[in-house]
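Q: I'm new to this structure and would like a close look at a single part of it. Could you walk me through one strand and its surroundings?

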Amino acid sequence: MQSNTEKIDIKALTLEELKASLKTIGEKEFRAKQIYEWLHVKLARSFDEMTNLSKELRTKLASEYELVCVTELERYESKIDGTVKFLFRLPDGNVVECVLMKYHHGNSVCISSQVGCRMGCRFCASTLGGLTRNLRTSEMLDEVYQLQRLSGERVSNIVIMGTGEPMDNYDNFVKFVRMISSLDGLNISQRNITVSTCGLVPKMRALAEEGLSITLALSLHAPNDEERVKIMPVANSYKLQDVLNACDYYYEKTGRRISYEYSLVDGVNDTAACAKELSRLLKGKNCHVNLIPVNPIKERDYKRSTGNNIQNFKNILEKNRINVTIRREMGSDINAACGQLRKSYTDKTMVQEVEQ
Ligand code: SF4
């Protein structure tokens, strides 16, 4: 019997790839469409669910292919707005965080692209243990599928803003976007997909060339290199002007307005001087600024900006005709910052292992 690692990851195959793969095991091409539908529309979690295939074929598929699914480990549900944060277990035992947010216009999900992260942003809990590994395309797809299965409702919007830097897992992430938006799959509009990056310039430029129409959100967080490098080590590698030029290039190529994410940290980047500098930087650009009152994490001594400072910051941007919103806090009663659920889960598991 083959081990899982030798089996082909069937959920990561496009319809064309599946057709070619089935041919190599002596199956007819038309089967591909049926199987693809089971995997990506009916969201089957096992080959046995594929009841319009013969038992013999199902057994054959199970011996040739691995069917990657994530499993719910823990959930935290907000009593205020119904937001649910999940910890999902991956097939190898690693865990990732995902969030399901319910809006009037539909369900929005936030998914992870890596286990951990190596970007080292100072305000982020996801990076404290470094990068463990990239998520496979199939794992990213199944985060969305599992959230749709669990909610029983269609997912309409996806943000790839959970743990990880998607551009650091570029090929798997781009394939994920193509597959989740495919007419043969869940057919989620690319216009309803947003990817966040801390500013990996060459990958941002490559993404502009992919012919996709997803929204790019840049984690900006400071209006100059001097301040940015203090909170985002990636700024050592890519200067702010080069990052902004890459954003302009993305806009030119795709016509999609850039979203600039700016986490406000008390006394660090939330001053009036910072707001004025940010206004000068973005003036005249067709963009949107999303102000995020930062969630404190216990390992770092960053504090959340005061309500006054947040409002002043917003006012200054607005005076300069910059489109700005303060991110609405979802699930404030289950207020674990990004990466903290996974971290507390792995810390807890390690303590249990040591105690045993
Ligand atoms: S904010 Fe994003 S890119 Fe930065 S360390 Fe956290 S997960 Fe990585």
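In which sense do strand S11 and S12 pair, and over how many bridges?

A: Happy to. Keep in mind that this is a predicted model. Strand S11, residues 215–219, pairs with S12 in the parallel sense, and three bridges link the two. For a spot to look at, find Leu 218, which sits opposite Tyr 260 in S12.

S12 has another partner too: strand S13, residues 287–293, runs parallel to S12 and is joined to it by seven bridges. Here you can pick out Ser 259, whose bridge partner in S13 is His 288. To get from S12 to S13, the chain passes through helix H9, residues 272–282, making a right-handed β-α-β crossover.

Now for S12 itself, which spans residues 258–264. Its side chains split into two sets: Ile 258, Tyr 260, Tyr 262 and Leu 264 point one way, while Ser 259, Glu 261 and Ser 263 point the other way. Whichever way they point, all of them are buried. Buried here means under 20% relative accessible area. Since seven of the seven residues of S12 meet that mark, the strand is largely enclosed by the rest of the structure.

For contrast, try Arg 328, in the loop between strand S14 (324–326) and helix H11 (340–355). Arg 328 is exposed, with a relative accessible area of 55%, whereas the residues of S12 are buried.

Definitions and conventions:
Residues are numbered from 1 along each chain as its sequence is written. This is a predicted model: local features need pLDDT of at least 70, side-chain atom pairs count only at pLDDT 80 or more; totals for chains, interfaces and linings use all residues. Side-chain values use heavy atoms; hydrogens and water are left out. Buried means under 20% relative accessible area, exposed over 50%, partly exposed in between (1.4 Å probe, protein chains only). Helices (H or I, at least four residues) and strands (E, at least two) are DSSP runs, numbered from the N terminus. Two strands pair if DSSP finds at least two bridges between them. A crossover is right-handed if, with the strands pointing away from the viewer, the path from the first strand over the helix to the second runs clockwise.
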